[in-house]
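Here is a short set of exercises to work through with the structure open beside you. Try each task before you read its solution.

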Amino acid sequence: DTYYLSEDNTATINYAYKQGDVVVYPDLVKLKVALDTGEVIGLEAKGYLSSHRTRDIPSPKVTKEQALAKINRRVNIVSSGLAIIPTDYKTELFTYEFKGRFNNQDFIIYINALTGREENVLVIIDTPNGILTM
């Protein structure tokens, strides 16, 4: 599971596929569960159905330390790993995923594992109803 949202007595939980040690976000599945009965009342598997396959994942050309050096030193990194992320152009990028905190705000920073380029920064919003990203 990656993130969740709870509202109107239901929980929507996002699950990402993992191939080895790499989280594959294009293959995301969302489950909607009734909080009172535990019954699954919804499923969105479009990403999984359209994207899922065994991927030929290369070895990173950039080390984790080199990728980490691309991030502002004032960001307190709390976890890291490898991830494949989707792009707006229906392609995928092989990245390092760094979760960190800066100025009382949580972030996820994606650094390309092949080029060292910063690919995306997401702000994590922790609400009373769940954890979201923007």
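**Exercise 1. Describe the largest pocket: how much volume does it have, and which residues lie closest to its centre?**

Step 1. Start with size: the volume of the largest pocket is about 490 Å³. Keep in mind that this is a predicted model.

Step 2. Next, find the middle. The lining comprises 23 residues, and those closest to the centre are Tyr25, Pro86, Tyr110, Leu122 and Thr133.

Step 3. Now ask which elements build the wall. Two or more lining residues come from each of strands S1 (3-7), S2 (10-19), S3 (22-34), S5 (76-86), S6 (92-102), S7 (105-112), S8 (118-127) and S9 (130-133).

Step 4. Finish with the chemistry: the lining of the largest pocket holds 13 nonpolar, six polar and four charged residues.

**Exercise 2. Do the same for the second largest pocket: which element gives the most to its lining?**

Step 1. The second largest pocket contains about 420 Å³ of space.

Step 2. Its lining has 16 residues, and Pro26, Gly47, Ser50, Ser51 and Pro86 are the closest to the centre.

Step 3. Elements that supply at least two lining residues here are S3 and helix H1 (46-51). S3 gives the most, with five residues.

Step 4. Sorted by class, the lining of the second largest pocket has five nonpolar, five polar and six charged residues.

**Exercise 3. Step back to the whole protein chain: how many helices and strands does it have, and in what pattern?**

Step 1. Count the elements: there are two helices and nine strands.

Step 2. Put them in sequence order, and the pattern reads β-β-β-β-α-α-β-β-β-β-β.

Step 3. For overall dimensions, the C-alpha trace spans about 45 × 40 × 25 Å along its principal axes.

Step 4. Turn to the surface. The protein chain exposes about 8600 Å², and carbon and sulfur atoms supply 50% of that area. Of its 134 residues, 33% are buried.

Step 5. Last, look at contacts with a separation of 6 or more: 39% of them join residues 24 or more positions apart.

**Exercise 4. Two residues lie in the loop between H1 and H2: Arg55 and Val62. Is each one buried or exposed, and what does each touch?**

Step 1. Place Arg55 in the loop between H1 and helix H2 (64-68). The cut-off for buried is under 20% relative accessible area. Arg55 has 7% relative accessibility, so it counts as buried.

Step 2. List the partners of Arg55. Beyond four places in sequence, Arg55 touches Gln19, Val24, Pro26, Asp27, Ile84 and Glu92. In addition, the Arg55 side chain reaches the backbone oxygen of Arg53 at 3.2 Å.

Step 3. Move to Val62, which is found in the loop between H1 and H2. Its relative accessibility is 11%, so Val62 is buried.

Step 4. Setting aside neighbours within four places in sequence, Val62 is in contact with Ala67, Tyr96, Asn112, Ala113, Leu114, Thr115 and Gly116. As for Ile111, it is 49 residues from Val62 in sequence and 9.3 Å away in space, C-alpha to C-alpha.

**Exercise 5. Study Asn14 and Lys30: where are they placed, and how much of each is accessible?**

Step 1. Asn14 sits in strand S2, and Lys30 in strand S3.

Step 2. Asn14 has a relative accessible area of 16%, so it is buried. Lys30, at 31% relative accessibility, counts as partly exposed.

Step 3. Check the contacts beyond four places in sequence. Asn14 touches Asp1, Thr2, Tyr3, Leu28, Val29 and Lys30. Lys30 is in contact with Thr12, Ile13, Asn14, Gly42, Leu43 and Glu44.

Step 4. Add a distance: Lys30 and Ile84 are 54 residues apart in sequence and 18 Å apart in space, C-alpha to C-alpha.

**Exercise 6. Examine the backbone at Asp8 and Asn103: what is the value of phi at each?**

Step 1. Phi of Asp8 is near 50°, a positive value in a residue other than glycine. For Asn103, also not a glycine, phi is positive and near 50°.

Step 2. Locate them: Asp8 is in the loop between S1 and S2, and Asn103 is in the loop between S6 and S7.

Step 3. Exposed means over 50% relative accessible area. Asp8 has 72%, so it is exposed; Asn103 has 63%, so it is exposed too.

Methods
Residues are numbered from 1 along each chain as its sequence is written. This is a predicted model: local features need pLDDT of at least 70, side-chain atom pairs count only at pLDDT 80 or more; totals for chains, interfaces and linings use all residues. Side-chain values use heavy atoms; hydrogens and water are left out. On a 1 Å grid over the protein atoms alone, a cavity is a set of points where a 1.4 Å probe fits but cannot get out, and a pocket is an open set with protein on both sides within 12 Å along at least five of seven lines; lining residues have an atom within 4 Å of a point. Grid points are joined across faces, edges and corners, and a volume is the space filled by probe spheres set on the points. Helices (H or I, at least four residues) and strands (E, at least two) are DSSP runs, numbered from the N terminus. Ala, Val, Leu, Ile, Met, Phe, Trp, Tyr, Cys and Pro count as nonpolar, Asp, Glu, Lys and Arg as charged, and the others, Gly among them, as polar. Buried means under 20% relative accessible area, exposed over 50%, partly exposed in between (1.4 Å probe, protein chains only). A polar contact is a pair of N or O atoms within 3.5 Å; within protein, one must be able to donate a hydrogen and the other to accept it, and residues adjacent in sequence count only if both atoms are side-chain atoms. Contact means heavy atoms within 4.5 Å. Accessible areas come from the Shrake-Rupley method with a 1.4 Å probe; for residues, only the protein chains shown count as cover.
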